[in-house]
Amino acid sequence: MEPRIHDLQIESPVPELLDSSVCTNQVFSATYQCSNDHIEELNIENNLAKKPYNCPYYGSKCNVTGDVHWLLLHLRNDHSVEMHDGRCFSHRYVHHNPKHLHHATKMLTLLDCFGRQFCLYFEAFHLRKTPMYIAFMQFMGDEEEAMSFSYTLEVSGNGRKLTWQGVPRSIRDSHKMVRDSQDGLLITRKLALFFSTDNTANNELKLKISGRVWREQPISN
Ligand SMILES: [Zn+2]
Ligand SMILES: [Zn+2]
């Protein structure tokens, strides 16, 4: 059955953090200097780079594959996924009926920075019997380049703060694989209630999650 965003939504984005306006597109190019010995190895890398990616939208129904450029168009046009510019973000997730997690409840937004794109997932699910939330980022590209980035996610509210720092996984790994490996910011629902920034409507849970992506400096000897 197709998972649906049943009752999870992003409220209007919180105003940008100041330094997100500094975001510049940095397109890195690599120069390969290969002797003949390395031509075969390089060909293998090229073939891998050309291997299409699966659509990173959650759920198993979508069978679309393609390169990153194609998938970006597809995500926007066919899944109505929002693109967010800049390396910093702050989102307020509203879960309208947090006591009922029987529907798969997920949200995907895209982040565009460093001339690259990242998938930001937020999801409510059951880990064994414990209701949980998880947030994590995946890189729209191959694993090798993914490892040159780092990111943080921070949930805060009511004087409390929890921070995750991680390395975005390539979208070669499925969203479900990353979620099930728990490679992200995990919050139990009990803890989430302490972070919820607005408890006036007692059926809603509002989580403010901010984050940042950066590129690690290349190591030079
Ligand atoms: Zn798709
Ligand atoms: Zn932003």
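Buried means under 20% relative accessible area, exposed over 50%, and partly exposed in between (1.4 Å probe, protein chains only). This is a predicted model, where local features need pLDDT of at least 70, side-chain atom pairs count only at pLDDT 80 or more, and totals for chains, interfaces and linings use all residues. Residues are numbered from 1 along each chain as its sequence is written, chains are lettered from A and ligands numbered from 1 in written order, and side-chain values use heavy atoms, leaving out hydrogens and water.

**View 1. Two cysteines and two histidines hold the zinc ion (ligand 1).** Cys 55 and Cys 62 each offer SG, while His 74 and His 79 each offer NE2, at 2.0 to 2.2 Å. (Donors are N, O and S atoms within 2.8 Å of the metal, or 3.2 Å for Na, K and Ca; water is not among the atoms, so sites may look incomplete.) The site is tetrahedral, with angles of 97 to 117° among its 4 donor atoms; four donors earn that label if all angles lie between 85 and 135 degrees. Along the chain, the donors are spaced C-x6-C-x11-H-x4-H. Both His 74 and His 79 are buried.

**View 2. His 95 pairs up with Tyr 133.** Their side chains share a polar contact of 2.7 Å. His 95 is buried, at a relative accessible area of 1%.

**View 3. Asn 158 has a positive phi.** Look for a phi near 55° here. At 44% relative accessibility, Asn 158 is partly exposed.

**View 4. Gln 182 also has a positive phi.** Its value is near 60°, and Gln 182 is partly exposed at 33% relative accessibility.

Methods
Tetrahedral: all angles 85-135°; square planar, octahedral: opposite > 155°, others 65-115°. Polar contact = N/O pair within 3.5 Å; in protein donor to acceptor, adjacent residues only side chain to side chain.
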